[in-house]
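Biologist: Let us go through this structure together. I will ask, and you give the reasoning before each result.

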Amino acid sequence: MKVLVATEKPFSKIAVDGIKAVTDAAGYELVLLEKYTEKKQFLDAVADVDALIIRSDKVDAEVLDAAKNLKIVVRAGAGYDNIDLAAATAHNVVAMNTPGQNANSVAELVFGLLVYGVRNFFNGTSGTELLGKKLGILAFGNVGRNVARVAKGFGMEVVAYDAFCPAEAIEAAGVKAAKNQEELFETCDIVSLHIPATPETKQSINYDLVGKLKKGGILVNTARKEVIDEAGLIKLMEERTDLKYLTDIKPDADAEFAEKFAGRYFATPKKMGAQTAEANVNAGIAAANQIVGFLRDGITKFKVN
Ligand code: 3PG
């Protein structure tokens, strides 16, 4: 069996070594395609592989057509909106993710962005503290739960809303549950997004919703750029000069945000949420184990198609 790790944004070496230890133990061959710049390189590399590990790398019908022997693709991470699930099913390819494995890494970055934001991007002027502020967490999955845990360490008041998680489960985790996302935005000083990009959530973070934030409000996005209605957010930030937007995923209109909202907008140059040795090791090795579990024993836990 041949396993390809195709990562435009590579894992740390320790994670690749860990993946190799798993595939070696199973008697599989491991090949790497890192930092590729052309889709053609990806198409060539998948031609003869049985299994594929990816990160945000796009697996569409063209990639699946090129991957004649492919049986399984594992997204080493949480969000699998980069895999065309219908095409994978049509090609008889199992798609999986590795939920939770990089959640702490993303959650810690939320606070990196927040401290940077409330201290005015370290420009020397007087900022504010997080202690006592109300943090709204939109979607209480693995990342949202980790954000809640860290927020308590900062002494923040924590509220969450999740369309798929009942209020009782949120409250059982020691977090106040909001009735809906409108209430979350209306009552919090800061809202941190942890929703996946789905047809329902795309562009759902819009002018009206973000406009409910209190004076001095901050929106933090370590989820997906697609959930933001960029034109609506730009219009709002033009009108509300008190609002800040901090994101780990550059919007399509990054240049416009940067030009119009200096001092109120920050985007990481490259998505950094899951970019820690620990998250790479957790997600990469989980992906390798899931591949062996599926190819050898037919285990389909974490299958998403
Ligand atoms: C995820 O969905 O797991 C995160 O967005 C991480 O994405 P990355 O592997 O491209 O860093």
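Biologist: Which residue in E2 does Val3 stand opposite?

Modeller: A caution at the start: this is a predicted model. Strand E1 covers residues 2-7 and pairs with E2 in the parallel sense. Strand E2 covers 29-34. Across this pairing, the residue opposite Val3 is Leu30.

Biologist: How many bridges join E1 and E2?

Modeller: E1 and E2 are neighbours in the order E2-E1-E3-E4-E5. Their pairing is parallel, and the number of bridges is six.

Biologist: Which strands are the edge strands of that five-strand sheet?

Modeller: The sheet is open, with the order E2-E1-E3-E4-E5. An edge strand pairs on one side only. That holds for E2 (29-34) and E5 (94-97).

Biologist: By how many degrees are neighbouring strands of this sheet turned against each other on average?

Modeller: The pairing in this sheet is parallel. Direction is ignored in this angle, and the average is 20°.

Biologist: At what angle to E1 does helix H2 run?

Modeller: Helix H2 spans residues 39-46. It lies across E1, E2 and strand E3 (51-54). Relative to E1, the angle is about 170°.

Biologist: Now the seven-strand sheet. What is the bridge partner of Leu246 in E12?

Modeller: The order here is E8-E7-E6-E9-E10-E11-E12, with parallel pairing. E12 (265-267) is an edge strand, as is E8 (176-177). Strand E11 (residues 244-247) pairs with E12 over three bridges. In E12, the partner of Leu246 is Phe266.

Biologist: Across which strands does helix H6 lie?

Modeller: Helix H6 takes in residues 142-153. It runs at about 170° to E6. The strands it lies across are E6 (134-138) and E7 (157-161).

Biologist: On to the ligand. How far from a ligand oxygen atom is the polar side-chain atom of Ser56?

Modeller: Ser56 is one of the residues around the ligand, and so are Lys9 and Arg224. For Lys9, a polar side-chain atom lies 2.7 Å from a ligand oxygen. For Arg224 the distance is 2.8 Å. For Ser56 it is 2.5 Å.

Biologist: What percentage of the ligand's accessible area does the protein cover?

Modeller: On its own, the ligand has 320 Å² of accessible area. The protein covers 94%.

Biologist: How many charged residues does the shell around the ligand have?

Modeller: The residues around the ligand include Arg55, Arg75 and Lys271. By class, the shell has two nonpolar and four polar residues. The charged residues number five.

Notes
Residues are numbered from 1 along each chain as its sequence is written. This is a predicted model: local features need pLDDT of at least 70, side-chain atom pairs count only at pLDDT 80 or more; totals for chains, interfaces and linings use all residues. Side-chain values use heavy atoms; hydrogens and water are left out. A residue is near a molecule or strand if one of its heavy atoms lies within 4 Å of it. A polar contact is a pair of N or O atoms within 3.5 Å; within protein, one must be able to donate a hydrogen and the other to accept it, and residues adjacent in sequence count only if both atoms are side-chain atoms. Accessible areas come from the Shrake-Rupley method with a 1.4 Å probe; for residues, only the protein chains shown count as cover. Ala, Val, Leu, Ile, Met, Phe, Trp, Tyr, Cys and Pro count as nonpolar, Asp, Glu, Lys and Arg as charged, and the others, Gly among them, as polar. Two strands pair if DSSP finds at least two bridges between them. Helices (H or I, at least four residues) and strands (E, at least two) are DSSP runs, numbered from the N terminus. Axes are lines fitted to C-alpha atoms, for helices over the stretch in contact, and angles run from 0 to 180 degrees between N-to-C directions. Contact means heavy atoms within 4.5 Å.
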